[in-house]
Amino acid sequence: MSKRKSSPVSVNPHKRAKPVEHDEEEEEAVGKKADHGTHKGGSRFSKQVASGGQMVSDAGIVESITLKNFMCHALLGPFTFGPNVNFVVGSNGSGKSAVLTALIVSLGGNAQATNRGASLKGFVKEGESTADVSITLRNKGRDAFKPEVYGPAIIIDVRLTRDGVRTYKIKSKTGHIISSKKEELESILDNFNIQVNNPVSVLTQEMSKYFLHSKGEGDKYRFFMKATQLEQMKDDFVHIKTTKRLTEEKVEQHGECLKDLKRKSQEKEDRYKNLASLDEMQTKLEDLQKQMAWAMVSETEKNLEPIREKLQADKCSTEKYDEKVKECKNKVKESEKIYKQIQEQLEGITQQVQELQPKCAELKAEAQKQNALLKSSEVTVHRCNTNVRVLEKDKAQLSSRINDLKLSITQISGSESKAKAERMQQIETELEDLTHQITTLDQQIDQYQHASHRAKEEHGKLKKEHNLLSHSIEAKTKNLRTMEDSRSNRLRRFGEHMPALLNAIQEAHKRGLFKHRPRGPLGHLITLKDPELALAIEVCLKSLLQAFTCDNYDDEKVLKGLMDKVFPGGRRPPIITGQFITHVYDTRKRAVNHPDYPSVLQALEIEDPIVTNCLIDQKSIESILLIKNRTEARQVMQSRHPPPNCHQAFSKDGDQIFTDRSYTAEQTRANYLSGDVEEEIRHLQRELENQKAQASTLQHEIKKLDEDIRQNERLEKRAHAEQKIANNKSTKLKLELSDLENMEEPQMEDLKPLEEDLQEIVAKISSKRTEYEEMLAQMSELKVSYEKAEQEYRQHKERISTITEDADSIKEELIKADQDVVRCKHHKKHYDEKRSAHLQSIQELEATLKNKEQDLQDDISKAKQICPERLDVCRTARSLDTEISRLRKKIDDQEKQEGDRLEIIRQYQEALVEYKNMAQQMKNLKMFINSLDTVMKKRLQAYTELRRSLTARCKCYFDSMLAQRGYTGSMTFDHKNETLSISVQPGKGNTADMSNMRSLSGGERSFSTVCFVLSLWAITEAPFRCLDEFDVYMDMVNRRISMDMMLKVADGQRYRQFIFLTPQSMSSLPESTLIRILRLKDPDRDQNSERKQNKV
């Protein structure tokens, strides 16, 4: 048959080749121009072309591509591709792979997808700053993308810089720039269904070797999943599940926010309701003012009698103050004399220390100087020793080299030179193969390391979370056991060993080991008046609930011994030691007394006064308020006038409120003081079940990550081993090649320079050793000097320390003497002031009595004006005044807010709406999650059905392709283990056994691989398909059969474009307008790369 003619590549780098254009008349004449030669494949394709109709692809195919300064080529193209079958032929280095790489990069593919470089900057020609690629896509037919904007073609210009930056210019057919955004390119690719990262659309050499020629069944399965985009669907499902889990976690978090909004709404509602109580408060205020008027009259009458009695007693006690003042004067004189004597002794010691300090500083500086010299000498000695070792190593290497050269001179002959050249050629070939293998292994190792790093990070996070959860489960289990034991014995709430300890204390007390029986645990000896305040009191008292109190230190020692026996190696309860007092302290002057809120002391029922006094001493429970509502607690404590004698308050939730700050309690339930034991047990059981379920889930995830880490490490270790073997082999080959290159005609005179160098190294070694010994001796002398200086410095410093220690004891005596002087003067001043105050008090009492009698008359007169009839008042004036102040302040606050009445209503309505909206959102999110579960189940069923359908179609097409050559075979998909097993029987019938592709010859395996690729083509969609060197491992027979099959597939898919890259000449193809051959000029290794321009 006649061969298809092809034009040679133009040698003029500045003249662009004219693209071949196909009009409708040429396509109609396809049947007439078909070649009727003797080649079966070509004849069959020609007949198919003649009867195939006029179907031509319109949208998404590649019309042309041009490369400039791309990879090692100054200019390639423009290449004009046909609408159906295109062959890009040329020898290695002519630019075939560069065209395919440029196609991937220009259509948004990453550098790794090309297997030609790690980053985009590697595609810029050496010596150039940028590389340009221009590609034209057809934009016709019903699938055209914005035809009114772009016209019948879309031009995509891509520029790559040396910095690895990629920029786009997307133009219309007329060359007008429409966009420079990558999002526009992605829209175009989605519209045309172009997938450059899909190996079925663009199959590079490296991807073919990795997936198709790989012996692993898992690689073929991943190739199938990637080609059919099932892998992307699977990844999307995993992402959706992860997002759903995160959404559920956020819903749980927002549940807490909903509680806060509800509480805020209730607070606003309370403020809103308070507006209606203003009139009631005014009426109550008037009644309280009437009671207050007559209460003051009653108190004034009561206060007059004590004043009269006190005035009489004070007049009789004046002589006692005169005696105390005289006694204090004598004590002051005596203490001042002692203080002066001690001070003179201390000044003498201080002067002695000051005289020794300069000498100490000089000795310290000298020691530091000697230390610096010693360190410098040590560095010099180490450097000399290192130089000697390096010279000795050089001497050994040089001696070995001289001996090798001498041996080499005696062995080389004329016949060996020829064998050497052949061996060098063989080594260079092996080195090239090893270099490619090492590069591939590097990429695999990077992938395994990255996967292991991510898995280890996630493993660490989950492990930390699991440990925290385990500690929480352990603590809650212990609490649950304690609570269950406390059903029969309340003491077990305070520890499982507490009953045994109390029994031991009782026995010891009976035997007389205690002077006074210790009390405890204190929490067991108190009772709550209001159970709602259990958490507040527990947070307030904290560890005191488990504490014991002793009267003296002897009893404390005995109690510690009992605790050590009962709590072996454990944490024993705290012990408080203080003298037992059998009556409760009088706290009326320092206790808080609020009309509405109790103190901690008032909220407890304590039978034993010793326990009461202990809590007063340790926690001042008489001055701590308990206010159930946290908002009210803040208003009371952080107002301008907090309650007298109150320094803190607790809410029923355990929050601690001071006058200037507040703290939220970490504890949420009472462990020791709660009344309902069964409810506490049920609560702990629920929390334990939830946490154990969480721990089980975390453990499962940790095991899965452990397996992933081990798998990646095994793969990485295996890759490292293979790489090490390849590197060792490469190193050996390079050394062998270097030795062969250096063995060319060695002469005896070449040894003279080496022998001279050897003598020079020997001389240097001798010199350096002498220098090393000298420096070593110098270092020893410096070490002795340093030790001597350091010893003198330490001895002098110890002398100063001894004197300073003596001064410390004298200072303590001086401080005590000074304290005695101050105390005596204070006592003298105290009694002087007290005597003066006593005399002043008598005068004031006389004046006060007179004024009080006058005030009584005034109060009676004022009370009658407020309320003419005298009232019998049971309450004190102070309590009435407190309530009037509080009520008046409340009225004032509300009266001030009367102008903002609408603001209060608005805030209440907004808080209510916000709460309702949040509740509705939570409800909608939960409904969405439930709906998402249902949809995901249906989607997963559809995914399984689609995978089954694609698998069946792929098997069918594969069997059909094999049958064209008389082969039979099978494809076995294992979706659970993600493997694809392909078995092929080259013979007919049962004459040959079914075997996997590893046992086939190279040509048969390549043919089977082509059948596999064609099967995937049949079940996937894309506007064009690119295949790089598909026939590289085929013999002539398999190449012809495979070519016929691909041409037949191409003829049946006129709407799709095919681009085949091959080093074969393709001269036996039929001549047809549907087939276009682009021949690339062979590379000229001796000419500049800028002279390489190619023409269609």
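Buried means under 20% relative accessible area, and exposed means over 50%. The structure used in these exercises is a predicted model.

**Exercise 1. Helix H7**

Task: Find which residues of helix H7 (residues 182–192) are buried, and decide how they are arranged around the axis.

Solution:
- Step 1. List the buried residues of H7: Glu184, Leu185, Ile188, Leu189 and Phe192.
- Step 2. Look down the helix axis. These residues cover an arc of only 140° around it, which puts them on the same side of H7.
- Step 3. Turn to the other side of H7, where Glu183 and Asp190 are exposed.
- Step 4. Check what comes after the helix. H7 is followed by asparagine 193, whose phi is positive, near 60°.

**Exercise 2. Aromatic pairs**

Task: State how many aromatic pairs the whole structure holds, and classify the pair of phenylalanine 70 and phenylalanine 123.

Solution:
- Step 1. The search of the whole structure gives eight aromatic pairs.
- Step 2. For phenylalanine 70 and phenylalanine 123, the ring centres are 5.6 Å apart and the planes differ by 20°. Ring centres within 6.5 Å make a pair, and planes under 30 degrees apart count as stacked. This pair is therefore stacked.
- Step 3. Place the two residues in the chain. Phenylalanine 70 belongs to strand E1 (residues 59–70), while phenylalanine 123 is in the loop between helix H5 (111–114) and strand E4 (130–139). They are 53 residues apart, and the pair links distant parts of the chain.
- Step 4. Test for burial. Phenylalanine 70 has 0% relative accessibility, so it counts as buried. Phenylalanine 123, at 1%, also counts as buried.
- Step 5. Compare with phenylalanine 145 and tyrosine 150, whose ring centres lie 6.0 Å apart with planes at 40°, so that pair is tilted. Both of these residues are buried.

Two further ring arrangements can be looked up in the model. Phe87, Trp1017, Phe1058 and Phe1060 form one aromatic cluster. Arginine 661 lies over the face of phenylalanine 658, at 4.2 Å from the ring centre.

**Exercise 3. Backbone angles**

Task: Locate the proline of each of two cis peptide bonds, glycine 77 to proline 78 and glycine 520 to proline 521. Then decide whether asparagine 69 and glutamate 978, each with a positive phi, are buried or partly exposed.

Solution:
- Step 1. The bond from glycine 77 to proline 78 has omega near 5°. Proline 78 is part of strand E2 (residues 73–80).
- Step 2. In the bond between glycine 520 and proline 521, omega is about -10°. Proline 521 sits in the loop between helix H14 (498–510) and strand E9 (527–528).
- Step 3. Asparagine 69 has phi near 55° and lies in strand E1. With 11% relative accessibility, asparagine 69 counts as buried.
- Step 4. Glutamate 978 has phi near 60° and lies in the loop between strand E17 (968–974) and strand E18 (979–985). At 34% relative accessibility, glutamate 978 counts as partly exposed.

**Exercise 4. The whole chain**

Task: Describe the protein by its helices and strands, its buried fraction, its contacts and its exposed area.

Solution:
- Step 1. There are 25 helices and 22 strands.
- Step 2. Of the 1096 residues, 40% count as buried.
- Step 3. Among contacts with a separation of 6 or more, 76% are between residues 24 or more positions apart.
- Step 4. The protein exposes about 64300 Å², of which carbon and sulfur atoms supply 48%.

Methods
Residues are numbered from 1 along each chain as its sequence is written. This is a predicted model: local features need pLDDT of at least 70, side-chain atom pairs count only at pLDDT 80 or more; totals for chains, interfaces and linings use all residues. Side-chain values use heavy atoms; hydrogens and water are left out. Rings of Phe, Tyr and Trp (its six-membered ring) pair if their centres lie within 6.5 Å; planes under 30 degrees apart count as stacked, over 60 as edge-to-face and the rest as tilted. Helices (H or I, at least four residues) and strands (E, at least two) are DSSP runs, numbered from the N terminus. Buried means under 20% relative accessible area, exposed over 50%, partly exposed in between (1.4 Å probe, protein chains only). A charge sits over a ring if NZ of Lys or CZ of Arg is within 6 Å of the ring centre and within 35 degrees of the ring normal. Contact means heavy atoms within 4.5 Å. Accessible areas come from the Shrake-Rupley method with a 1.4 Å probe; for residues, only the protein chains shown count as cover. The arc is that of the directions from the helix axis to the C-beta atoms.
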